[in-house]
Protein chains: 4
Amino acid sequence: MIETEIEVMFFDTDCGGVVSNIAYLRFFEVARTRLTDALGLTLAEMSETQLFPAVARTEVDYRRPARLGDRLRIRGTVERFEKVRMHCHFAMYRQEVGEPASLIAECRQVVVLVQMPEGRPRRIPEAWLDRVPGVARGGATD
Amino acid sequence: MIETEIEVMFFDTDCGGVVSNIAYLRFFEVARTRLTDALGLTLAEMSETQLFPAVARTEVDYRRPARLGDRLRIRGTVERFEKVRMHCHFAMYRQEVGEPASLIAECRQVVVLVQMPEGRPRRIPEAWLDRVPGVARGGATD
Amino acid sequence: MIETEIEVMFFDTDCGGVVSNIAYLRFFEVARTRLTDALGLTLAEMSETQLFPAVARTEVDYRRPARLGDRLRIRGTVERFEKVRMHCHFAMYRQEVGEPASLIAECRQVVVLVQMPEGRPRRIPEAWLDRVPGVARGGATD
Amino acid sequence: MIETEIEVMFFDTDCGGVVSNIAYLRFFEVARTRLTDALGLTLAEMSETQLFPAVARTEVDYRRPARLGDRLRIRGTVERFEKVRMHCHFAMYRQEVGEPASLIAECRQVVVLVQMPEGRPRRIPEAWLDRVPGVARGGATD
């Protein structure tokens, strides 16, 4: 499990006055990067090995609007591993002083480990499973 | 039903060599804008009335990678109306000469009509339903 | 000389209510792509040959704010060629009905033709000069 | 003077394999936000007062390519104040272990303090000048 903080900048908002639905996906990508980093695959390694985690499916539920200057916290977890796929969950919160944290948005992503430039799926390393105790490899789609 | 064309630019790709998962959401937003325009709500009007279609939920399935210079076509339809919500579907294709079109990505979005800056949901106008024959207003969540 | 049209989308604006200073650079990149295309280098070719026009310097003067739904026209020209560099100028206008076009922003870019992944500069092809009559190759910096 | 760190993400790169020229402007906007924050104008206040620092002119010199996973440092300073304008300079470095820092890009921006939604320029507060000792208010363009 990772936790990362995002501060909402001008370029994250739109003229509706709140954070653009597209910017959330950028925030969740930062969290996903921290998550694969925690599993043992750093950005620098990806750049060298051309082994990338590709998003096969994404779902976002937008719960409450976020605004300019908000400090948002994202918690990211792996929910399940399959042979070449990883199911991730991200929850984004805003913590205001003296109040309970409020849920801003939630995201689920299915990530496939892919060897570029061929685009061939690669098996999730055993070492990754070891780093997330209690999350089994499994799933009918394997 | 609307159809719109997108040409993949440099800023749509990432160093994996293909279109970034975030850029697709920008492409689908162009298509959604054409769809609300076809229903009778133009960008210029939104700007004046501050009545905006806000995305409450989005799902994207990434089927095949798109690349720099690809000309992609997106077809957008309304699948269902509720009192304040609209369910949209978008399919993105690449048409290569002498080949059947291949599906690049699919997207479903739940859109809520919202009056800003208060953020109050507004009823979907009857005129919108008239413009999409065969799509009923309905749904248990109303 | 090329001319291209841009329609301002939600994701181009920020919570100041106008187009974000960053989005303009995206608009100018679309125009630059049309310009190199007119010179004979298409996006599809770049993708294959890995010969890319890299921006070495950019200047933007923001004259008037653009807004959601605006239809902007960008005119792009080559001002001067050097051995490996090209000096481009872009002017962005908004044309309102019954009014003279107003200048929204201006951009100058120095573009270098670069062979990736090595990053080696390449000589501007003679054929490009032929396509822009009246613009000489020259410059003390060669 | 402020200093801020940026880690290059996937969405900052393009298929040329290096950071997109547009992403740099996003990085410099983060640094500019830290700079106005240090002067006493926070994002949260801007959101409330609708008093925004608008970019009137930007110049970027791209010196060396940055890559996925790079940790870049940006130093931002105010070079000069005018009545309603502020001249800023940003230098972006990459620090590699055991090597001198290398300059990646430089940026100069002219920022105007603007009251939205009217778009009226506002005088730079005296308190800002006090926070940057040695930088005089001045300039023929006032």
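Colleague: By what turn and shift can chain A be laid on chain B?

Modeller: This is a predicted model. In the model, a turn of 180° and a shift of 0.0 Å along the axis lay chain A on chain B, with an RMSD of 0.0 Å. The two copies are thus related as by a two-fold rotation axis. In chain A, the C-alpha nearest that axis belongs to A:Glu59, 2.2 Å from it.

Colleague: How many residues does each chain put into the contact of A and B?

Modeller: A general point first. The size of an interface is often given as the accessible area lost when the parts come together. Here I count residues instead. Chain A gives 20 residues and chain B gives 20 residues.

Colleague: Which elements give two or more residues to the side of chain A that touches chain B?

Modeller: They are α1 (21-39) and β2 (51-62) of chain A. The largest share comes from β2(A), with nine residues. By kind, that side of chain A has ten nonpolar, five polar and five charged residues.

Colleague: Why can I say that the copies meet through the same surface?

Modeller: Compare the two residue lists. Of the interface residues of chain A, 100% are also interface residues in chain B, so the copies meet through the same surface.

Colleague: In which sense do β2(A) and β2 of chain B pair?

Modeller: They pair in the antiparallel sense. Five bridges join β2(A) to strand β2 (residues 51-62) of chain B. For a register mark, take A:Thr58, which stands opposite B:Val60 in β2(B). On reading side chains, the rule is simple. In a regular strand they alternate between the two faces of the sheet.

Colleague: Now the other contact. How many residues do chain B and chain C bring to it?

Modeller: Chain B brings 15 residues, and chain C brings 15 residues. On the side of chain B that touches chain C, the elements giving two or more residues are α1 (21-39) and α2 (43-49) of chain B. The residues on that side divide into eight nonpolar, four polar and three charged.

Colleague: Let me turn to the single chain. In what order do the elements of chain A run?

Modeller: Chain A has three helices and six strands. From the N terminus on, the order is β-α-α-β-β-β-β-β-α.

Colleague: Why does the radius of gyration of chain A agree with a compact globule?

Modeller: Set the value beside the expectation for the chain length. A compact globule of 142 residues would have a radius of gyration near 14 Å; chain A has 16 Å, which agrees. The C-alpha trace of chain A spans about 45 × 35 × 25 Å along its principal axes. Of its 142 residues, 40% count as buried.

Colleague: What share of the contacts in chain A join residues at least 24 apart?

Modeller: The share is 68%, among contacts between residues at least 6 apart in sequence.

Colleague: Back to strands, inside chain B. Which strand do six bridges join to β1?

Modeller: It is strand β3 (residues 71-81) of chain B, antiparallel to β1 (residues 2-7) of chain B. One pair to find is B:Glu5, whose bridge partner in β3(B) is B:Arg73. β3(B) is also joined to β4 (residues 85-94) of chain B, by nine bridges and again antiparallel. There, B:Arg75 has B:Ala91 in β4(B) as its bridge partner. β3(B) and β4(B) form a hairpin, with three residues between them.

Colleague: Next, the backbone. Which residues does a cis peptide bond join in chain A?

Modeller: Start from the norm. Most residues other than glycine have a negative phi, and most peptide bonds are trans. In chain A, a cis bond joins A:Met116 and A:Pro117, with omega about 5°. A:Pro117 lies in the loop between β5 (102-115) and β6 (120-121) of chain A. In chain B, a cis bond joins B:Met116 and B:Pro117, with omega about 5°. B:Pro117 is in the loop between β5 (102-115) and β6 (120-121) of chain B.

Colleague: And phi? What value does C:Gln50 have?

Modeller: Its phi is near 60°, a positive value in a residue other than glycine. C:Gln50 sits in the loop between α2 (43-49) and β2 (51-62) of chain C. D:Gln50 has a positive phi of about 60° and is not a glycine. Its place is the loop between α2 (43-49) and β2 (51-62) of chain D.

Colleague: Why does C:Gln50 count as partly exposed?

Modeller: Count C-beta neighbours. A residue is buried at 20 or more within 10 Å, and exposed at 12 or fewer. C:Gln50 has 15 inside 10 Å, so it counts as partly exposed. D:Gln50, with 15 other C-beta atoms within 10 Å, is partly exposed.

Key: Residues numbered from 1 in each chain as written. Chains lettered and ligands numbered in written order. Predicted model: local features only at pLDDT ≥ 70, side-chain atom pairs only at ≥ 80, totals over all residues. Contact = placed C-beta atoms within 7 Å. Helix = DSSP H or I, 4+ residues; strand = E, 2+ residues; numbered from the N terminus. Nonpolar A, V, L, I, M, F, W, Y, C, P; charged D, E, K, R; others polar. Rg over C-alpha atoms; globule rule 2.2 N^0.38 Å. Pairing = 2+ DSSP bridges. Least-squares fit on C-alpha atoms with pLDDT ≥ 70 in both.
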